[in-house]
Amino acid sequence: MRIAITRDVSPSLDDCELTHVARTSIDVARAQAQHRAYQRALASLGCRVLALEAEPSMPDAVFVEDVAIVLDEIAVMTRPGAESRRGEGASVTELLARYRPLRAIEAPGTLDGGDVLRVGRTLYVGQSGRSNAEGREQLQAAIGGLGYRVQPVPIRGCLHLKSAVTAVRDDTLLLQPAWVDASSFPGFAIIEVDPEEEHAANILRIGDVAVMPSCFPRTAQRLRDAGIEVVAVDVSELQKAEGATTCCSLVFEEQAAAR
Ligand code: CIR
């Protein structure tokens with residue numbers, strides 16, 4: 001069974017962290033409705049959605065992706081780069097502990113899950129303002145014994161690595177060339193986002209389906225032309241908080257280890 005951990009949208013979403021996106025007013029009720037539709041889309045793709053309660057005092061807590069890296073064998077609780085987000089992990093830790101042995105990134109390490117793109121046994125980790133070298137080294141130490149490898153990737157002009165690149169298949173990446181170099185990913189086929197759709201590289205892969213924001217039809221067509229099924233969801237209010245589709249869930253196989 002595939003599980004998707006999500007967290008309901010905080011009423012304080014409007015006070016979110018913003019780095020590369022200009023602050024505009026967020027319609028929280030609309031964000032909540034869009035988030036519910038996102039949860040339904042995940043359920044329709046076969047995920048069992050486990051929805052944590054909103055955290056009223058944590059504006060960015062809907063973006064659960066950033067607080068954990070879930071692998072088949074273990075989960076690594078991160079230490080988010082933004083101080084305001086360091087309390088978000090507690091309830092996710094409690095839930096994930098039912099499914100995986102846990103490790104944790106400790107100070108002075110920082111790591112945001114949005115910076116971690118796993119393809120096979122390689123974890124590409126963005127050298128962003130949120131994830132530092134100590135965080136990457138601790139991640140490598142936590143997972144190296146399981147046969148995984150951390151590969152640092154330079155990025156520019158965006159929040160996280162997965163703002164700039166995500167995997168649409170095991171051998172194919174969707175990439176924004178302004179923010180990350182394709183040469184960081186030798187051996188992969190590359191689909192570039194449409195030049196008019198700057199933020200389109202962040203897709204959530206559920207099996208062979210790409211879940212992506214509905215405001216990027218040209219990039220969606222590029223994916224369809226490559227034989228990839230696309231499910232489009234309207235996440236416009238979450239995008240105002242510098243989020244998109246990967247950041248609102250932690251998706252993993254339940255596996256026999258579940259209790
Ligand atoms: C932040 O700046 O931390 C949030 N406003 C947005 C986080 C989005 N996370 C993600 O894409 N993984």
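1. Surroundings of C248. In this predicted model, C248 is in contact with I5, T6, H35, Y38, V62, F63, V64 and L238, leaving aside its neighbours within four places in sequence. Two of these partners, H35 and Y38, carry numbers that fall within α1 (28–44).

2. The nonpolar core. C248 also belongs to the largest nonpolar core, which has 23 residues. Along with V9, L13, L42, V62, F63 and L238, C248 is one of the members that touch the most other members. V62, F63 and L238 therefore appear twice in this account, as contacts of C248 and as highly connected core members, and all are buried because burial, under 20% relative accessible area, is a condition of membership. Two elements give two or more residues to this core, namely α1 (28–44) and β12 (204–206). The largest share, 5 residues, comes from α1. As a general remark, nonpolar side chains in soluble globular proteins tend to be buried together.

3. Cysteines and disulfides. How many disulfides does a search of the whole structure find? The search finds 0. For C247, the closest cysteine sulfur is that of C248, at 4.1 Å; the two are not bonded because a disulfide requires sulfur atoms within 2.5 Å. For C16, the closest cysteine sulfur lies in C247, at 11 Å, which is likewise too far for a bond. Both residues count as buried: C16 has a relative accessibility of 2%, and C247 has one of 9%.

4. The three-stranded sheet. An open sheet with mixed pairing is built from 3 strands in the order β6-β7-β8. Its edge strands, each pairing on one side only, are β6 (116–119) and β8 (149–154). Direction ignored, neighbouring strands of the sheet are turned against each other by 25 degrees on average.

5. The β6–β7 hairpin. β6 and β7 (residues 122–127) pair in the antiparallel sense, over 4 bridges. Among the bridged pairs, V116 has V125 as its partner in β7, and L117 has Y124. The two strands form a hairpin with 2 residues between them. In the turn, G120 has a positive phi of about 60 degrees. As a general remark, side chains in a regular strand alternate between the two faces of the sheet.

6. R130. This arginine is found in the loop between β7 and α3 (133–143). Is R130 buried or exposed? R130 counts as buried, because its relative accessibility is 9% and the limit for burial is under 20%. The side chains of R130 and D112 are joined by a polar contact of 3.2 Å. Leaving aside neighbours within four places in sequence, the contacts of R130 include the charged residues E17, R85, D112 and D115, and also T19, G81, A82, T110, L111, L159 and H160.

7. N202. Where is N202 placed? This asparagine lies in the loop between β11 (189–192) and β12. N202 counts as buried, with a relative accessibility of 6%. The side chain of N202 reaches the backbone nitrogen of T245 at 3.2 Å. T245 is also among the residues that N202 touches, together with K162, S163, T166, P213, A244 and T246, not counting residues up to four places away in sequence.

Key
Residues are numbered from 1 along each chain as its sequence is written. This is a predicted model: local features need pLDDT of at least 70, side-chain atom pairs count only at pLDDT 80 or more; totals for chains, interfaces and linings use all residues. Side-chain values use heavy atoms; hydrogens and water are left out. A nonpolar core is a set of buried Ala, Val, Leu, Ile, Met, Phe, Trp, Tyr and Cys residues joined through side-chain atoms within 4.5 Å. Buried means under 20% relative accessible area, exposed over 50%, partly exposed in between (1.4 Å probe, protein chains only). Contact means heavy atoms within 4.5 Å. Two strands pair if DSSP finds at least two bridges between them. Axes are lines fitted to C-alpha atoms, for helices over the stretch in contact, and angles run from 0 to 180 degrees between N-to-C directions. A polar contact is a pair of N or O atoms within 3.5 Å; within protein, one must be able to donate a hydrogen and the other to accept it, and residues adjacent in sequence count only if both atoms are side-chain atoms.
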